[in-house]
Structures are given as structure tokens and as C-alpha cells.
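Thanks for making the time this morning. I would like to walk you through one model, taking the charged side chains first and the packing afterwards, and I will try to keep each statement to what the coordinates support.

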Amino acid sequence: MARVIKMKGLDLIFELGRRINEASLQNSISIDFYGPQQNDDNDIEYFDTNVKKFPFMRYHGPLKPEEIYGVLEKFDVMLLPTHFFTEGLPGSVVDAYISGIPVIVTKWKHATEFVEDGKTGVIIPFEDDGTALFEAVMVFFNENDLLNRMKQQANKKAYDFSTEKAWNLIQSYN
């Protein structure tokens with residue numbers, strides 16, 4: 001899974017945690033982190049300090065490649081509020097689609113090429129203060145029908161990143 005670093009949007013996720021507490025939803029929502037921590041002591045300390053503030057947040061460490069889809073499919077949505085404006089195609093988004101879950105992402109430079117807002121996920125403003133992220137989570141929390149439709153669309157979107165589609169594209173050039 002993605003590197004666990006500040007630039008991947010940890011500040012927005014911790015702000016989401018604060019808002020979840022404020023709304024008294026800490027017994028209804030959980031946030032789990034997977035991925036390697038980088039060798040940056042500041043990022044590690046920041047992450048560890050903030051995760052401890054929220055009993056509904058847990059860090060599980062990195063996953064082996066063969067574990068990713070089995071773990072992800074147990075969740076409702078993936079959060080990737082990246083602060084990398086020039087983010088390319090995050091493999092985590094593809095992993096989410098293959099696992100049949102929608103994503104909530106910030107609007108980085110190429111976000112709309114990979115996330116269909118309102119269909120395979122929700123794109124929030126790049127400079128969000130946490131409001132849009134919280135609102136997006138609340139929509140999923142309160143609207144099961146929408147969540148289920150978006151899960152189906154995310155699963156369909158996985159085809160766009162499949163070897164079958166790549167092979168068909170290559171064949172079309174012959």
C-alpha cells in the first residue's frame with residue numbers, strides 16, 4: 001500500500017478523525033492505515049502521535065502484494081488525500097478498484113483521469129481544510145445505496161487497468 005507519509009494527506013485524515021470525534025461517530029467509523037513508514041523521524045513521530053489520539057485509527061504496517069486485495073475488499077472506501085499535486089497514477093487507486101471499493105482523493109493534477117467523481121469515487125479540493133473530506137465520508141456513511149453503486153462502478157473501472165485491456169489496446173495497433 002501507499003507510503004505512510006505526511007505528503008499523502010495524513011493531516012487531512014487526522015482532521016477527519018477530529019471531526020468524527022466531534023460528531024460522536026467514533027464508535028461507527030474506523031480508519032486503518034497500511035503501508036511502510038519512511039525513514040523520516042519527523043513523519044514517523046507525527047504519525048505515531050496522531051494515531052494514538054484516535055482509538056478508531058489503527059496502523060497495521062505494510063502488506064505483502066498477495067494480501068492487498070483480500071484486505072482492501074473488507075473496507076467501504078479508500079482515502080488518498082494526497083498533497084502531491086503532480087501525483088501520477090497512484091497504485092493504491094488501482095488496488096481499490098480491483099478490490100471493488102471507491103476512493104476519496106484530492107484533486108491532484110491528473111485525478112480526473114483516474115477517478116470518475118461521483119461514480120468511482122469522490123474528488124475533493126486539493127486545498128481542503130478537512131471539510132470536504134468529512135462531508136464525503138458522511139455521504140458514504142449515510143447513503144448505503146450510493147456506496148453500493150460506487151463499489152460496483154469501482155469494480156468495473158478495474159478493467160481499465162487490466163492486462164486484458166492493455167492487450168486489446170496493443171492488438172488494435174496491429
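Let me begin with E15, which has a relative accessibility of 18% and therefore counts as buried, the cut-off for that class being under 20%. Please keep in mind throughout that this is a predicted model. The partner of E15 is R18, and their side chains meet in a salt bridge with an N to O distance of 2.6 Å. Unlike E15, which is buried, R18 is partly exposed, its relative accessible area being 37%. Both residues belong to helix α1, which covers residues 10-22, and they sit 3 residues apart, or about one turn of that helix. The general point here is that an α-helix has 3.6 residues a turn, so residues three or four places apart point the same way. The pair is also part of something wider, since E15, R18, R19 and E22 are linked in a network of salt bridges.

Across the whole structure, the search finds 9 salt bridges, and I would like to pick out two that involve helix α7. In one of them, D76 is joined to K151, with the closest N and O atoms 2.9 Å apart. Because D76 lies in the loop between α3 and β3 while K151 lies in helix α7, this pair ties together parts that are 75 residues apart in sequence. D76 itself is partly exposed, at a relative accessible area of 42%.

The other is formed by the side chains of E116 and K157, at 3.4 Å from N to O. Here too distant parts of the chain are linked, with E116 in the loop between α5 and β5 and K157 in helix α7, 41 residues apart. As for their surroundings, E116 is partly exposed with a relative accessible area of 30%, whereas K157 is buried, at 11%.

Staying with the loop between α5 and β5, K119 is also located there, and at 37% relative accessibility it counts as partly exposed. Which residues does K119 touch, once those up to four places away in sequence are set aside? The contacts are with M150 and Q153. By way of a longer distance, the C-alpha atoms of K119 and D95 are separated by 16 Å, the two residues being 24 positions apart along the chain.

D95 brings me to helix α4, residues 91-98, which is mostly covered, with 6 of its 8 residues buried. Those buried residues are S92, V93, V94, D95, A96 and Y97, and they pack against α3, β3, β4, α5 and α7. After the helix comes G100, whose phi is positive, near 80 degrees.

Finally, let me turn to the loop between β1 and α2, where we find both Y34 and D40. Is Y34 buried or exposed? With a relative accessibility of 18%, Y34 counts as buried, and its C-alpha atom is 6.7 Å from that of L63, although the two are 29 residues apart along the chain. D40, by contrast with the buried Y34, is partly exposed, at a relative accessible area of 33%. Together with D41, E45 and D48, D40 forms a negative surface patch.

That is the tour I had in mind, and I am happy to go back to any part of it.

Definitions and conventions. Residues numbered from 1 in each chain as written. Predicted model: local features only at pLDDT ≥ 70, side-chain atom pairs only at ≥ 80, totals over all residues. Heavy atoms only, no water. Patch = residues over 30% accessible without salt bridge, like charges linked within 9 Å, V, L, I, M, F, W, Y side chains within 5 Å. Areas by Shrake-Rupley, 256 points an atom, 1.4 Å probe, with all protein chains shown as cover. Salt bridge = Lys/Arg side-chain N within 4 Å of Asp/Glu carboxyl O. Lys, Arg positive; Asp, Glu negative; His and termini not counted. Charge placed at Lys NZ, Arg CZ, Asp CG, Glu CD. Helix = DSSP H or I, 4+ residues; strand = E, 2+ residues; numbered from the N terminus. Buried < 20%, exposed > 50% of the residue type's maximum accessible area, 1.4 Å probe, protein only. Contact = heavy atoms within 4.5 Å.
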